[in-house]
Structures are given as structure tokens and as C-alpha cells.
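Trainee: Could we go through this protein together? I would like to start from the fold and end at the core.

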Amino acid sequence: MKKFLLVFAVLLAFGSSAWAQIDNPVKWSYASKKTGDKDAVVFLKATIQKGWHIYSQTEQGGPAKSSFTFSKSKDYTPVGKIVEPKPLSRYEQAFSMNIGYFETAVVFQQKIKLGTAKSPAVKGTLGYIACNDHKCNPPEEVEFNIPISN
């Protein structure tokens, strides 16, 4: 019985350490720039590990697209849609369609109309899925809080 418990404990230790080693190939960073007295732009940058990619926010019917949700606030209002650079594109057999994606890094930009707050911060969540040629991680959702700098 002691031998069984020892083997079980060892397997449990190795199993939990393997479970904890989930790849996290995307790092997000944020910045802002005032473009006028009541106008600003926020930047949401994904830095992507070599061999991985995330998908464009414009994908229709394919993998989980990148998404951005801004919290409602009287301190700011998003103006128009979030802008992304032109994605790379390739045919993906799994979806039987061309898919837009980004490798290495991508910067998404959102114009903002500012309210009367002296130190506004743009808040919300972004969603994405990171994939490589062998697997996709589960979809991620990340909260952001971007102070508007002068």
C-alpha cells in the first residue's frame, strides 16, 4: 500500500507540473496619445512568440477572432471601430477558407472622445486565441486599463 501511495504521489506531482506549463505565447501592452483637447488614441499591442499567431478581428466563420469591448464610461467614448493593420492570410484546411492572422506583433488602435475627467483611463476587455501549426490554446480574455497621457 505504501508503494502504491508513493507512486500515486509521484504521478500526481508530475501531472500537476505538466498541467501548469500551459503556453502563454502572447503578451499585451498598452499606450495612449492625446491628439487634441478632447481626442485621444489608445494602442493595444500584442507581442507574439515565434511560431504562434492570433487572428484578425474581421474573421467570419473561422477561428475565434480577436475582439475588443470597451467599458461604458462618461469619461470617454470610443469613436468608430478599432483599427488593425492588414493581416497576413492563408488558406486553412480546417475551416475551408482563407484566414487573416498576425505573427510577431500587431498594434490595434482605437480613437477616443474624452469627457471632462482630469485623468481618464480607458477600460475594457480583449479576447483572442493563440495558435501554432500544431495546436490552439483555449480562448483568452484579458482586462485592460489604459491611462490617457498628455
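Mentor: Short questions and answers follow. This is a predicted model, where local features need pLDDT of at least 70, side-chain atom pairs count only at pLDDT 80 or more, and totals for chains, interfaces and linings use all residues. Residues are numbered from 1 along each chain as its sequence is written, and side-chain values use heavy atoms, with hydrogens and water left out.

Trainee: How many helices and strands does the protein chain have?

Mentor: Helices (H or I, at least four residues) and strands (E, at least two) are DSSP runs, numbered from the N terminus. Along the sequence the pattern reads α-β-β-β-β-β-β-β-β-β-β-β. The count for the protein chain is 1 helix and 11 strands.

Trainee: What percentage of the 150 residues counts as buried?

Mentor: Buried means under 20% relative accessible area, exposed over 50%, partly exposed in between (1.4 Å probe, protein chains only). Of the 150 residues, the buried share is 33%.

Trainee: Which strand supplies the largest share of the largest nonpolar core?

Mentor: A nonpolar core is a set of buried Ala, Val, Leu, Ile, Met, Phe, Trp, Tyr and Cys residues joined through side-chain atoms within 4.5 Å. The largest one has 25 residues, and W28, L44, I54 and F108 have the most contacts inside it. Strands giving at least two residues each include β1 (26-34) and β8 (105-114). The largest share, 5 residues, comes from β2.

Trainee: Which residues does I54 touch, not counting those up to four places away in sequence?

Mentor: Contact means heavy atoms within 4.5 Å. By that rule, I54 touches V26, W28, A46, I48, S66, Y101, F102, V106, F108, Y128, I129 and A130.
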